[in-house]
There are 2 protein chains.
Amino acid sequence: MTQSVVATSPMPAEIERAIRTAGPVIDPLAAKALYAPLLADMPLGGEVIRDIAYGSDERHRLDLYLPVGASDMAPVVVFLHGGGFIRGDKDDRAAVGHYFSRHGILAILPNYRLGPRHHWPAGAEDVSAVLRWARAHVAEHGGDREHIVLAGESAGAAHVAAATLIKRFHPDEGLCIAGAFLASGVYNLELELLARDQFGIATPDPRNEAYFGTDFARYRAMSTVELVNAAPFPLAITYAELDPIQMQAQAGELFARLVTCHGFQPRIAVIRGHNHLSQVYSINSGDEALAGPLLDFVRGSQA
Amino acid sequence: MTQSVVATSPMPAEIERAIRTAGPVIDPLAAKALYAPLLADMPLGGEVIRDIAYGSDERHRLDLYLPVGASDMAPVVVFLHGGGFIRGDKDDRAAVGHYFSRHGILAILPNYRLGPRHHWPAGAEDVSAVLRWARAHVAEHGGDREHIVLAGESAGAAHVAAATLIKRFHPDEGLCIAGAFLASGVYNLELELLARDQFGIATPDPRNEAYFGTDFARYRAMSTVELVNAAPFPLAITYAELDPIQMQAQAGELFARLVTCHGFQPRIAVIRGHNHLSQVYSINSGDEALAGPLLDFVRGSQA
C-alpha cells in the first residue's frame, strides 16, 4: 500500500459515475444497490460456521469463514461491520468473509453490542472478547493465533481503534495482534460534538447520543485520540476519497498524533473513487480499491 | 462554503480528466500548462501598483491590485504564493490579483523571504510585516483596514498559519484580522519529518531542510500545530481532493486540534476535482472550485 491506493480492477464506469455524482453521502441502500448485481454472482469461499457465541449477549455471535487452500496456519482477520454504533449486522458483510476465505485467510465476522441498549465502551470490550476467543480457538479451524489482524469500517473501526490503542481494553495477556486496519472510522468523539456544523451532523445526533450518551462533558474522556497509551503495533488508517469530511479529518488527526506523540508508524491511504459505504460493498465484487490494501495488510502484518 | 465545496463553473472535461489521470502529484509546469490557454484570455481587474517595499530585503516587495467598482472601503485580501519555502513569486499568481480586483476586493500579493538564504520564522515575520503595512496603507488605496483577510496556499498557508495562530508573530497592536484562509498548507513540521515514508518525501528533504534547517530535534518547536496560543478568529482550512495525503492529514489534524483544544470554529472543505497546484492555477480561469470559497470567505469574514 503506497501513499494513495488506486483500484487495480477498474470499477464499471457507470458505478464510478454514480458515486461521484452522489458526492460524499452516507446512503446504505444506495451503496448496497450499486453492488448488488455484481455481488449476486460473487465468488464464494469455503465453509462458513455461523453464530458461534463469544459472550452472553444475543449480539455476542460470530461467523467463521474457513480459509480455502490454506495450510493449518492461515492468517486470521477479524472484521467489524459499521453502522453508526446503533445498527449493522455481520450477515450484511458476508462478501467480506467470502473474499478473505477464498484468498486463504480465516475470517471472523462478529456482531457486537449496539446503542441505545448498550453504551461505550461495550464495542471495545466486545472487540477484546472476540480477540480472546480468536486466540483460544482459531487453531482448531486452521488459523494462526500468532497472526490475527483486527479490522473494522466506520463504527467498527472506532471500536477496533479503542480496543487496540487504549491499554485498558487489552486482554490480560497483552494485545498480541499482527496489526489493525481502520477504514473510515471516528476516533475523536469530542470533535464530532464540537464540529457538528462543519460536519453536517444532526442535532440531536441519533448515533453518538445513543451509544455515548448525552453527558457531553464526558465526551473527551471517551475520545480515543486523547486516550492512546498502547505501545506501537502495525496499523493502517484509510478513508475514502468521497468520505464525509469528518472521517477524513479524524483519520488525519489520529495519524498525526500517533506519529508525533506515540511512536507509531501507521500506513495511511485514500481509497480512490469511493464513498463511505461504496468502498465496503465493493469488497468481493472484483473492485480491489479497499479489498486489495486490506488483503495486503492482513497478509503482510507481522506481530 | 458548506462541508464539501463543488465547483460552480464546471471545468472543461479534458482538464478534469488530465488532473484525475495524473493523481495526487505536485507538478508546477503541468498544472500551469493546463490552465495557460484559459488564463491567456482571462478577465483583468483594475490598476496594479507593483513592487512596493514593505521591508529591507529584496523579497520584501508587494503588488497591489486595486478594486474595481468598489467604494473606498473595499475588503482586503493578502494572498501568499506557495513554493515549498524555497521558491515562488507573486508574478506567477497575477491571476489571483486580477480575480479579486475585478470582484471589488483590494488584493495584496507579497513576495517573502525564502530558504536556504533565510530560515524559519522569516516567512511568518514577513506575513506580519505585510499585515502591518496593510493596516497602515490600504486606506490610501480604497481598502478597509478593519477588513483584512490573510490567505495562502501551500508554503504560503504555512506562513499565514504560523503568523496568525502563534501570538509571538502578531503585530504589537494585536492580530486584528477579519480572517485567515489556509489552502493546502503544512502545519506540523515534525510530522513531515517522522512520516517521510508515508508521505513519499525525499531524504534529504530539499524544501524543509532549506528553510527549517537540519537540527531535527528542533522541528517540534517549529511545528505550528504545537504552538497555537492565539485567541480564536475566523478561519478556513481547505485541501484538494487530489492533494498529496500529507496536506490532507495536516489539515485534518490542525482542524481537530483547533476545535478541541483551542476554541476555534474553523470552516473546512475539500476542493473537489483538483490537485495541489491545479486548484491555484484555476483561479480566474472561470473555474470557481477554490476561487469561489476564497472569495466568499474574504467577503463574509468579519473581524
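Student: Which residue in β7(A) is the bridge partner of L182(A)?
Tutor: Good place to start, and keep in mind that this is a predicted model. Strand β6 of chain A covers residues 179–183, and β7 of chain A covers residues 235–242. The two strands pair in the parallel sense over 4 bridges. In β7(A), the partner of L182(A) is I237(A).

Student: Which strands stand at the edges of the sheet in chain A?
Tutor: Let's follow the order of this open sheet, which is β1-β2-β4-β3-β5-β6-β7-β8 in chain A, with mixed pairing. An edge strand here has a single partner strand, so one side of it is left without a neighbour in the sheet. In chain A, that describes β1 (48–53) and β8 (267–275).

Student: At about what angle does helix α10 of chain A run to β7(A)?
Tutor: Helix α10 spans residues 245–262 and lies across β6, β7 and β8 of chain A. Another helix, α1 (residues 13–22), lies across β7 and β8 of chain A, running at about 100° to β8(A). For α10 of chain A and β7(A), the angle is about 155°.

Student: What kind of axis relates the two copies?
Tutor: Try laying chain B on chain A: a turn of 180° and a shift of 0.0 Å along the axis do it, with an RMSD of 0.0 Å. The two copies are thus related as by a two-fold rotation axis.

Student: And which residue of chain B comes closest to the rotation axis?
Tutor: Happily, the copies meet through the same surface, because 100% of the interface residues of chain B are also interface residues in chain A. Going by C-alpha, the chain B residue closest to the axis lies at 1.9 Å, and that residue is E253(B).

Conventions. Residues are numbered from 1 along each chain as its sequence is written. Chains are lettered from A and ligands numbered from 1 in the order in which they are written. This is a predicted model: local features need pLDDT of at least 70, side-chain atom pairs count only at pLDDT 80 or more; totals for chains, interfaces and linings use all residues. Side-chain values use heavy atoms; hydrogens and water are left out. Copies are superposed by least squares on the C-alpha atoms of residues with pLDDT of at least 70 in both. Contact means heavy atoms within 4.5 Å. Two strands pair if DSSP finds at least two bridges between them. Axes are lines fitted to C-alpha atoms, for helices over the stretch in contact, and angles run from 0 to 180 degrees between N-to-C directions.
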